[in-house]
Amino acid sequence: MIKISRRAWLGMAGAAAAAGVVGLPPLQREGRAAPLPPRELIRLRNFPNVVLTTHEGEQVRFYDDLIKGKFVTINMMYSTCKATCPLTTANLVRVQKLLADRVGRDLFMYSITLDPKQDTPEVLNAYAKTFGVGKGWKFLTGKPEDIERLRRRLGFAWANQEMDKNKDFHTGNLRYGNEPLMLWGAVPGMAEPEWVSECILFADWPQNLQKDRQLIAQAKSRRASAAERAAPMTPMTRDHEHH
Amino acid sequence: MRLLKYRLTKRQLDVLKNRQELIKAGISRRDLLKLGLMTSTGLLVEGLSVSRAFAQTNTTVSRSTSQSCGTRGSSLCVISPPIQPFLDLLPTPRDGTWRIQTPIALSPAPTVAPNTAAGEGRTIAHQAFTQFPPQKFYGITQKAGALSITSDPTIAPQNLWGFAIGTPEQNNPINVPGPLYVEHYNVPILVRNYNRLPPEGQNGGFGKPSVTTHLHNGHTPSESDGNPCNYFEIGQFYDQHYPNVYAGINSTHPGTGDIREALHTLWYHDHRVDFTAQNTYKGLAGMYLLFNDKDTGDELTGFHLPSFPQYDIPMVFNDKVIDPSTGQIFFDLFNLDGVLGDRFLVNGKVQPVLHVSPRRYRFRWLNTGPSRFYQFFLTDLTNLSANNTFWQISTDGNLLDKPYQVSSSRVSVSERVDVIVDFTGKAGKTFYIENRLVQSDGQGPSGGLFAAGQGDRLLKIVVDGPVVNDNSQNPANITAFYGFPNTTDAVRATRTFVFQNRGDWEINEKIFACDDIRFRVLRNSNEKWTIQNEGRSWHHPAHIHFEEFQTLSINGQAPATSPLVQKGRKDVARLESRDTHVVYFRFRDFVGRYPIHCHNVVHEDHAMMAHWEIVDTGADTNPRP
């Protein structure tokens, strides 16, 4: 049986980190100091503090300004996407309405473009207007290499290389989470808006549990009773190859 | 692959120095080259490959690793520190190191209707409580605790979530795996499940303190099944009524049930919608054994299978990553492919040791995931060419028609296999349960096998126990267990389920929602389902709650019994690349809502699930729900 010493292991793990792989945080790489708290580790591994620009032209830092201390949703899209994105955006507008008084107050929605070269702040602003996006929901663009880093660290990525190259495969899921509570989940953005809302609220502050339940129950009963909601959502046509 | 040619960082220089150490450790330059750790000119390749190759070579703990380590998908490059293997004894029920659940009196007394006033989180009345009044009552408390997973002094006790025996007031320590239920058919029980997990924000990085405990494989009324959507919160309790009856008891075999539906090896685990992977990885899983007058637990009676607990040893396998930055288990929160570990635990200990006598044993193998598939072989390192066969007697909870002699068994997430291993004449020898299935990311195994001795040795078995009587039956002489029920009765509906990735996880191009009942099955009717994996990359262990199916065909062929046993009754269709399974169901006795879902729990948590319902009126025949 091959045995590798602790020193060799430390060296190799450190090399991985030095080469830019998401690995050990710097303190541990140097082999000093007390373990970092888990929240800090999640920040280091998953939330690069890159500079992004919102559809309103504001410069923001991803972790400091958008994630830290917040209850959020994150998805990826691009304005020229013909398949999932427009339907998902429209669906998330319904979600935003369902969660009305929360979004912008203590729940923040972020849509990051997968096509930062095309999707300038102006393009994203027009896109947001087209869909009637309300307050508390930012569309974000940035340097392509920063966007790619965010994409992978936030897990809008697949191990299947062929699929991973196809932007359309990164537009399906909506991340929801609460940074201080270290609660992170995901739901397909095209699920029923009531269900998407319910899932998002799984990461809500615990003191809102009863209120959230009432909100969801009301949303469901409204849906059940609303005749105009009878038409089912248009089934999507997605010509993805399957893997 | 980019080569690092000139500018070496300090860190990479350290690695170069470490090369000497690696070589001293027994890895040759040729090995390094082969693994892509070093180029032919003697330079190290860039960090990505270094760590990946490292993980592959580190056989002290993981050969078939785990980490694609930042190279593919969203996998983070978090590699466990070395852990000395084979230091700890396998916890077993035979010596009390795996605790057996014990009955208590419950106060307030359980009620048919949910006892909301007393803090019960259940919302649906028990449907079979009066018909099968519980004869035993248990309390079980889900809470946090610290447990040692190894005696290696460099690894700290792990902060886990587990099941403590009894009520919160009893304040017993947690168990991971949870306490073992040892139950008998026709002895209905009631389990009061208390949620006393720490509040949000104190999860150590992952896990949601909101739970629902599923009894996997149970013929259980829906409200007690542990449905993903029947979760309950901190401070609440939930009563689960397990009738422990054979399917058919209220239908085809009134009053007795069909003994051919007997289940023997079940397990329980958290099933909280969207958080099952995190919560089970954190420790919320245990086993549940069911005996009857054939599989008695006494080798002097019934089928004469090795006696419980002395010679009948349940084994829970799972893989974890220990975060070197915290010394605690690490969960890759943002990975959607599936999560692999690079350290292997059996019954909660890293690569433990089991001492046995030279006689027959029954091992019950369970894979609790989250995403790894295993293929278990018995390896003798002193004779790698030996074919160490054993007898597979079950698939999932169900005994086969008879024992089959095999060289290996494949177990995907949530599957179970019971085997009889004969150590007669093997005194003085050492064997390993070795996983030889190659899998390098959460999608599924690549299909290849490591050579004998080159896989991951998960459990060391030393045949150094005293010579003892063996009154168990030689499996070669067991010609029949119960036999299988027929699969020729007319079916009411034929349905197809396609498991697929369309940028998210879906079944039949649809997305899960708790309230979306996709189809309705008539109580006491038969159905034939085709369950398909549309994908090549991803494998999906498709689990259907409530009812065992019988496999009719796999990819058009009758299910095989060699080299892997595919025949039989199961609750998980192991959908490998592009597989199509056709299966036969009888939905009997109880009504209510159940899911079909992928048991790669990362896929399940991201909507690869569908709800259906057993009903008396309003059943449909939707062929592709």
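In strand S4 of chain A, the residue that serves as bridge partner of Met77(A) is Thr113(A), a pairing taken, like everything that follows, from a predicted model. Met77(A) and Thr113(A) belong to a longer register, for strand S3 (residues 71-77) of chain A and strand S4 (residues 108-113) of chain A run parallel and are joined by 6 bridges.

From this pair of strands one can move outward to the sheet that contains them. It is an open sheet of 7 strands in chain A, arranged in the order S2-S1-S5-S4-S3-S6-S7, and its pairing is mixed. Its edges are formed by strand S2 (59-61) and strand S7 (183-188) of chain A, each of which pairs on one side only. From one strand to the next, the twist averages 30°. Across strand S1 (51-54), S4 and strand S5 (137-142) of chain A lies helix H6 (residues 121-130) of chain A, which runs at about 155° to S5(A).

The helices of chain A also meet one another. Helix H3 (residues 38-46) of chain A has Pro38(A), Leu41(A), Ile42(A), Leu44(A), Arg45(A) and Asn46(A) as buried residues. When the helix is viewed down its axis, the buried residues of H3(A) fall within an arc of 165°, and so they line one face of the helix. The general geometry of such a helix helps in reading this pattern: an α-helix has 3.6 residues a turn, so residues three or four places apart point the same way. What the buried residues of H3(A) pack against is helix H7 (144-153) of chain A.

A second helix pair in chain A is formed by helix H5 (residues 84-98) and helix H9 (residues 193-201), whose axes come within 9 Å and cross at roughly 60°. H5(A) and H9(A) are therefore oblique to each other, and their crossing is right-handed. On the H5(A) side of this meeting are Asn91(A), Arg94(A), Val95(A) and Leu98(A), while H9(A) contributes Pro193(A), Glu194(A), Val196(A) and Ser197(A).

Chain B can be introduced through its overall composition, since it has 5 helices and 33 strands. Of its 625 residues, 61% count as buried. Among the contacts in chain B between residues at least 6 apart in sequence, 75% join residues at least 24 apart.

Strand S9 (residues 285-291) of chain B shows what burial looks like at the level of one element: 7 of its 7 residues are buried, so the strand is largely enclosed by the rest of the structure. Both faces of S9(B) are covered, with Ala285(B), Met287(B), Leu289(B) and Phe291(B) buried on one side and Gly286(B), Tyr288(B) and Leu290(B) buried on the other. Among the strands that pair with S9(B) is strand S4 (residues 178-184) of chain B, which runs parallel to S9(B) and is joined to it by 5 bridges; here Gly178(B) stands opposite Gly286(B). Strand S8 (residues 265-270) of chain B pairs with S9(B) in the antiparallel sense, over 5 bridges, and in this pairing Trp267(B) stands opposite Met287(B).

A last residue to locate in chain B is Asp422(B), which is found in strand S20 (residues 416-422). Asp422(B) has 20 other C-beta atoms within 10 Å and is therefore buried, given that a residue counts as buried if 20 or more such atoms lie within that distance. Arg492(B) is 70 residues from Asp422(B) along the chain, and the C-alpha atoms of these two residues are separated by 45 Å.

Key
Residues numbered from 1 in each chain as written. Chains lettered and ligands numbered in written order. Predicted model: local features only at pLDDT ≥ 70, side-chain atom pairs only at ≥ 80, totals over all residues. Helix = DSSP H or I, 4+ residues; strand = E, 2+ residues; numbered from the N terminus. Buried ≥ 20, exposed ≤ 12 C-beta atoms within 10 Å, placed from the backbone. Arc of directions from axis to C-beta. Contact = placed C-beta atoms within 7 Å. Pairing = 2+ DSSP bridges. Axes fitted to C-alpha atoms, helices over the stretch in contact; angles between N-to-C directions. Parallel < 35°, antiparallel > 145°, perpendicular 65-115°, else oblique. Left-handed = near helix turned anticlockwise from the far one by under 90°.
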